[in-house]
Amino acid sequence: MALILGIESSCDETSVAIVENGKDIIAEKTASQVRIHAPYGGVVPEIASRHHLENISVLMQMLMDDSKVTPRSISAVAVTYGPGLAGPLLVGVSYAKALAYSWKVPLIAVNHMLGHLNAVFLFDETISLPCVVLMVSGAHTEIVYMRSLDSYKILGKSTDDAAGESFDKVARMLGLAYPGGPEIEKIAKFGKPRYRFPKPRTTRKYDFSFSGLKTHVKYFLEKNPNIKKEDVASSFQETVAELLVERAVEAAEEYSVSDVVVAGGVAANTVLREKAYNLFEKKGIKFHFPPLKYCTDNAVMVAAAGWQNYKSGRFADLSLNVVPNLEV
Ligand code: KG4
Ligand code: ZN
């Protein structure tokens, strides 16, 4: 039996969790800074770092009190070391190093994107491997062919903005708050996808480009200043959801896999989920999404990813540093 403590602080959520054997959630505590950054239209790294620093010890105290787990029963400390914002990452990594040192347990360095991926596997035991993974977060968009949790090949990625970033930028154009994804989804319910926006193709088959789509929406709004913004939100959301699902299905068909896993913040989008689920009947491709609560950043996914390293003895040493632009 192994109890892994997970720590996440790569962006605007401070989160700590204890997960047993990569499967059972013993306890978790998360503090979101979404409301603090909303007036700035995005995460301000300096402010985020300061809040992580204020929150992390309090959350740890609450976690240990509520779980009744003693430091002596923790097997390892897993922490996100990238990708993400340098300052915020440093708070989590420094804290994790101090705990690992004083508790005399191994330190595990977790790639945040693999954390998102583990959030899907943690709650869904029906995924058949190999599968195709669609990673869609605020900073990443990737299509991956995955043989196992340790063996995968990146088929394509965004050449410019990430999928979540395009939601955030279009939301700002529409005068909506940050983060833009949930805001667009909210108002789109009162609109219709009346407009066809382009789905930019790229030279490499599985790459994405969201910047062109964003610019198209910008010019469209400039040309039509009195348009109903709910319709624009709905049309934009429809276009992104179709594009993501179509590309994932293309990859699934080419690589002859029946299962597609969607991970990261954008996986929370209902229209994306509906489009994906409809394909099971049409094409026999089964999409898997994490529970809504675990789509965005959390430490449960970090502890679950850490368990994979723990099993194979892949530990970091106390000189671990953050890698803000770490690749998948
Ligand atoms: O994975 P995440 O929490 O952070 C990163 O690792 O980047 O993803 C945050 C991104 C933001 O861009 C946010 O707008 C987007 O996920 N997002 C959504 C939804 N909820 C969050 N995008 C579309 N629809 C949603 N419901
Ligand atoms: Zn994330």
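In this predicted model, His52 is part of helix H2, which spans residues 45-67. The relative accessible area of His52 is 0%, so the residue is classed as buried, the cut-off being under 20%. A polar atom of the His52 side chain lies 3.4 Å from the backbone oxygen of Ser9. Leaving aside residues up to four places away in sequence, His52 touches Ser9, Cys11, Asp12, Glu13, Thr14, Gln33, Pro88 and Val91.

The second site is that of ligand 1. There are 21 residues around ligand 1, and those that come nearest are His116, Gly138, Asp168, Gly181 and Glu185. By class, this shell holds 11 polar, six nonpolar and four charged residues. Helix H4 (112-123), helix H5 (163-173) and helix H6 (180-188) each contribute at least two residues to the shell. Two domains also take part: domain 1 (3-116 + 295-312) and domain 2 (126-289) each provide at least three shell residues.

Polar contacts to oxygen atoms of ligand 1 include the following.

| Residue | Protein atom | Distance to an oxygen atom of ligand 1 |
|---|---|---|
| His112 | N or O atom in the side chain | 3.1 Å |
| Gly164 | polar backbone atom | 3.1 Å |
| Gly265 | backbone N or O atom | 3.0 Å |

Ligand 1 taken alone exposes 550 Å², and the protein buries 90% of that area.

Definitions and conventions: Residues numbered from 1 in each chain as written. Chains lettered and ligands numbered in written order. Predicted model: local features only at pLDDT ≥ 70, side-chain atom pairs only at ≥ 80, totals over all residues. Heavy atoms only, no water. Near = heavy atom within 4 Å. Polar contact = N/O pair within 3.5 Å; in protein donor to acceptor, adjacent residues only side chain to side chain. Areas by Shrake-Rupley, 256 points an atom, 1.4 Å probe, with all protein chains shown as cover. Helix = DSSP H or I, 4+ residues; strand = E, 2+ residues; numbered from the N terminus. Nonpolar A, V, L, I, M, F, W, Y, C, P; charged D, E, K, R; others polar. Domains from an automatic or database assignment. Buried < 20%, exposed > 50% of the residue type's maximum accessible area, 1.4 Å probe, protein only. Contact = heavy atoms within 4.5 Å.
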